[in-house]
Amino acid sequence: MSQNRNLNRSDLKAKRDEAHRQKLMAERINLDCSAACDPDPDKPFENSMDTLNRLIPYHIYMREDDDDFKPSKTPEGSSACIQDWKKQYQQKCSDFEQKFYSISAKVNNITKKQKLVEESTPEEAYQIARLMATNDLKASTVSANKIKSVSDIS
């Protein structure tokens, strides 16, 4: 009898916890709806946390098929889905990191060229600018030839 009473109490507690969780989720969704439907477009983002807090409510507009992270549906449960999501997340992070370093290298290259031109005499600046333009022209010609050769093969 005592064991049966404990089971009933644990069932009631689980039901109350579930009801409380669903109530909190409904409140959060309502807050997100109001934040997404009534944004303040004139207020700039203050920092990364402000950006995150103001953009996350837009998840209400996301359909399931819009998600970049599509965990596989496996009978093993959520751990396989979590592992799949982590792998996809790490790949996305790696892609963003490569893109960041690529853009950063380009910006650094342009900055170095500008400093080189700014720190030289007008005659030197003219010669440097002419050499850089020639190098850029050669690089674009090589790229165009590669593209043309690939398209000719196809």
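A residue counts as buried under 20% relative accessible area, exposed over 50%, and partly exposed in between (1.4 Å probe, protein chains only). By that rule Cys37 is exposed, because its relative accessibility is 53%. Cys93 is partly exposed, at 33%. The structure has zero disulfides, a disulfide being a pair of cysteine sulfur atoms within 2.5 Å.

Keep in mind that this is a predicted model, where local features need pLDDT of at least 70, side-chain atom pairs count only at pLDDT 80 or more, and totals for chains, interfaces and linings use all residues. Residues are numbered from 1 along each chain as its sequence is written, and side-chain values use heavy atoms, with hydrogens and water left out.

So how sure is the predictor? The pLDDT score, its confidence in each residue from 0 to 100, averages 78 for the protein, and 80% of the residues score at least 70. Confidence is lowest in helix H1 (residues 2-37), with a mean of 78, and highest in helix H2 (residues 48-55), with 84.

Now for the overall build. The protein has four helices and zero strands; helices (H or I, at least four residues) and strands (E, at least two) are DSSP runs, numbered from the N terminus. Of the 154 residues, 6% are buried. About 13700 Å² is exposed, and carbon and sulfur atoms supply 58% of that area, worked out by the Shrake-Rupley method with a 1.4 Å probe; for residues, only the protein chains shown count as cover.

Next, the charged pairs. A salt bridge is a side-chain nitrogen of Lys or Arg within 4 Å of a carboxyl oxygen of Asp or Glu, and five turn up here. Among them are these:

| Pair | Closest N to O |
|---|---|
| Lys13 and Asp17 | 3.3 Å |
| Arg21 and Glu18 | 2.8 Å |
| Asp50 and Arg54 | 3.0 Å |

Lys13 and Asp17 are about one helical turn apart, because they sit four residues apart in helix H1. Arg21 and Glu18 also lie in helix H1, three residues apart.

Is Asp50 buried or exposed? Asp50 is buried, because its relative accessibility is 13%. Its partner Arg54, also in helix H2 and four residues along, is partly exposed at 24%. Leaving aside neighbours within four places in sequence, Asp50 is in contact (heavy atoms within 4.5 Å) with Pro44 and Phe45.

Helix H2 is also home to Met49. Together with Leu52 and Ile56, Met49 forms a nonpolar surface patch of about 280 Å² accessible area. Patches are made of residues with over 30% relative accessible area and no salt bridge: like charges are joined within 9 Å, nonpolar side chains (Val, Leu, Ile, Met, Phe, Trp, Tyr) within 5 Å.

Definitions and conventions
pLDDT = per-residue confidence, 0-100.
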